[in-house]
Amino acid sequence: MTLAIVLAAGTSAAGLTTSTGEPLAERLAAQLRRAGAAEVRFAGDLDEVAALADAADGPLLVTGTDLVAHTAVLRHLATSPVGPTVALVLTDPPVPGQTAVREERGQVVDAGPLDALDGDATGVFGGALRVGVDDLPTLAAAARAAAVGARPVTAPLGPSGDVSPLPAAGGAGPDDPSSAVDRLVAGLAALGTLIFAQRVRLLVAHRVADAPGLVAAETAVTAVDEDRAELRLSVKEKDDFFSTYFVSTWSPYVVRLSARLGLTPTGVTAISVLFALAAAVLFGVGGRPALVGGAVLLYLGFVLDCVDGQLARYTRHFSAWGGWLDTMADRAKEYLVYAGLGFGVSHAGLGNGWALAIAAMTLQTVRHMTDTWYGVLHDEAARRPRTATGAGGGIGDRLNAASTRVQADTGSVSYWLKRTVVFPIGERWALIALTVALFNPLVSLIAVLVWGVLAFAYTGALRTLRARWMWVPVLDTVDATLHRDDGPLARRLPALRPMGPLTLAVIAALGPAVLLVVALLGDAPDGLRWAVPVALLVLLVAGLGAGAAHNGPLDWLVPAALRAAEYLFAIAVGVVGDVPGWLIFGYVFVLTVHHYDLTARLEKRQAAPPLHAATLGWEGRSVLLALAAIAGVAGIGLATLGAYLLVLFVVSVVLAWFVRPARSARAHVAPVGAGGAAPR
């Protein structure tokens, strides 16, 4: 249940009356209810806010009384999926008493008086914020500190929410002219709370201080069609070239139709999977009509892939389950298409299509792992800007400045080149659809591999230089064992600290890579079974880095390197054991599903899968495959282990997203007669 608090303290707008004759504060309260607040309370001071935060068991919406905005602005704030704590940020020029903010990658990394930000302000606080449940104790502490003009302590807070008697930075004190809600958000930022920024686009939101300002703001609100603006807002502000010009120009009409039909984002995701599956089947069938039909279905499937997210933004139906499912479905669809192309190549006698499909899937998965962890690196750098920029400049500094300039030049040739050269999902699907319709599946897979390799080389080189400049560790901020996917064997190996975990992971990938190349080039790969234990020993070298600190500037690459090492070893075992290409593809596909589950949970801030320990770790799975290869039953080993992992994945999904939430919901329902109320 979301509780909304209208905080009137310290603002001159408390007595303003709207054009309809009602007090502005009362209209804000009504808008908060329409935005989803179950209850609205008026608070006279920050001590009362602290008491409400202490008693709350759900997220809090807190606003001042000087905000004039569309109701949709407050609804977007209340339902924002970007993080638990979100602040409204405006581009209005700052005025005395308002808090300025500095953002990086959508996060508020600093907040306070304008002069305290040394000219680095990127906006002003919009007078409204949503605070997640986990941040409520910090909110209470910040409110008590701001109430007495003190600086919040940065040490762990006790249950009483103690504050330091020292003056706050920027001159906050008993005579501070800032409104209470401004002092509150500045206090939250000072305590290190992770605050995301909610920008206002197409809609209207302004803070007002007098009657003329109120009239002007109300006029601006009335001039904008709220529903039409929300439909346009369903489209990402910055998307890739193909999505922007060949999908989003007409997908909002599909979004509106889907909403009227009562379709959910999850339902649209399921339909898009069916389109991609049908396209994959047609690619496998072959023949010009089937290939052209598959290309059309692939394009329509991608349109629906965009529509599910747009529908979620339009209807404000967000959920952790939906976000996780969308991420997993995107990868499953793409790899099913690769499978269809691979089968089509082999079926038409054009070559070893399964080898190309396996290569494309492996390359794309390793690329995605680097994308995920580079994003984590950037987010961590945003939260620690001094660490990120304190290396003294150099090529990394210049690259960062150049990237910022290009990103700011929206719509320019350099902007679109930068977004396109990295080969995003829209461009991949467009390339597949065009090449398969005009040529054949072989050309399509080769084109995907060539562009993918070039994009990987480009992004890898630039990101490595920038990461060395940032020098921000990320794996030591999370459960490194989980995201390395270590099993019991790796956790028991001694730590070889001088070499570093990344160096060990790269060395580990070399053994399987050499074995694979020799097996592919040799005439009798089955004779290489003796070399499998050697490749396994080289692979296990990566386990010597499991217990070492992952705080190097490039250690964010460790998960990707470990994925590459395990996939190469599994493929090499399959080739040495003369396993059919489709079976090798299927096993690696199951591995990618397992690893995408880990990264999707990282992005959605979810806990580890319930049965993760039973997946045996990268080294445990590799040992089992090596034993199967030595015994001459590599195909049986791949099929059995793949089926085992797939069953574990399905059971984990059911437990994590259905069984455990249902048990938790039942546990939180108080029985009648035990101090609780009967369910209504």
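Leu263 sits in the loop that lies between helix H9 (251-261) and helix H10 (265-285), and in this predicted model the residue is partly exposed, with a relative accessible area of 33%. Together with Leu257, Leu261 and Ile271, Leu263 forms a nonpolar patch on the surface, and the accessible area of these residues taken together is about 350 Å². The points below turn from this patch to the strands around E8, to the hairpin of E6 and E7, to Thr122, and to two residues with positive phi.

**The patch around Leu263**

- Membership of a patch requires over 30% relative accessible area, so Leu263, at 33%, is on the accessible side of that cut-off.
- The other members of this nonpolar surface patch are Leu257, Leu261 and Ile271.

**Strand E8 and its partners**

- Strand E8 (residues 123-131) is mostly covered, since nine of its nine residues are buried.
- Strand E3 (residues 60-63) runs antiparallel to E8 and is joined to it by four bridges, and within this pairing Val62 has Leu129 of E8 as its bridge partner.
- Strand E5 (residues 86-90) is likewise antiparallel to E8, with four bridges between the two strands, and here Val86 stands opposite Arg130 in E8.
- Strand E6 also pairs with E8 in the antiparallel sense, in this case over two bridges, and Val101 is found opposite Gly123 of E8.

**The hairpin of E6 and E7, and the link to E11**

- Strand E6 (residues 100-104) and strand E7 (residues 107-112) run antiparallel and are joined by five bridges, with Arg102 standing opposite Asp110 in E7.
- These two strands form a hairpin that leaves two residues between them, and Arg105 in the turn has a positive phi of about 50°.
- E7 also pairs with strand E11 (residues 195-199), again in the antiparallel sense and over two bridges, and the bridge partner of Gln107 in E11 is Phe196.
- In a regular strand the side chains alternate between the two faces of the sheet.

**Thr122, in the loop before E8**

- Thr122 lies in the loop between E7 and E8 and is partly exposed, because its relative accessible area of 35% falls between the limits of 20% for buried and 50% for exposed.
- Although Thr122 and Glu103 are 19 residues apart in sequence, their C-alpha atoms are 6.2 Å apart in space, and the side chain of Thr122 reaches the backbone nitrogen of Glu103 at 3.0 Å.
- When neighbours within four places in sequence are left aside, Thr122 is in contact with Val101, Arg102, Glu103 and Arg199.

**Positive phi at Trp471 and Asp485**

- Trp471, a residue other than glycine, has a positive phi near 50°; Trp471 is located in the loop between helix H18 (441-470) and helix H19 (480-484).
- With a relative accessible area of 46%, Trp471 is partly exposed.
- Asp485 is not a glycine either, yet it has a positive phi of about 65°, and its place is in the loop between H19 and helix H20 (488-492).
- Asp485 counts as buried because its relative accessibility is 0%, and the cut-off for that class is under 20% relative accessible area.

How values were computed: Residues are numbered from 1 along each chain as its sequence is written. This is a predicted model: local features need pLDDT of at least 70, side-chain atom pairs count only at pLDDT 80 or more; totals for chains, interfaces and linings use all residues. Side-chain values use heavy atoms; hydrogens and water are left out. Two strands pair if DSSP finds at least two bridges between them. Patches are made of residues with over 30% relative accessible area and no salt bridge: like charges are joined within 9 Å, nonpolar side chains (Val, Leu, Ile, Met, Phe, Trp, Tyr) within 5 Å. Accessible areas come from the Shrake-Rupley method with a 1.4 Å probe; for residues, only the protein chains shown count as cover. A salt bridge is a side-chain nitrogen of Lys or Arg within 4 Å of a carboxyl oxygen of Asp or Glu. Buried means under 20% relative accessible area, exposed over 50%, partly exposed in between (1.4 Å probe, protein chains only). Contact means heavy atoms within 4.5 Å. A polar contact is a pair of N or O atoms within 3.5 Å; within protein, one must be able to donate a hydrogen and the other to accept it, and residues adjacent in sequence count only if both atoms are side-chain atoms.
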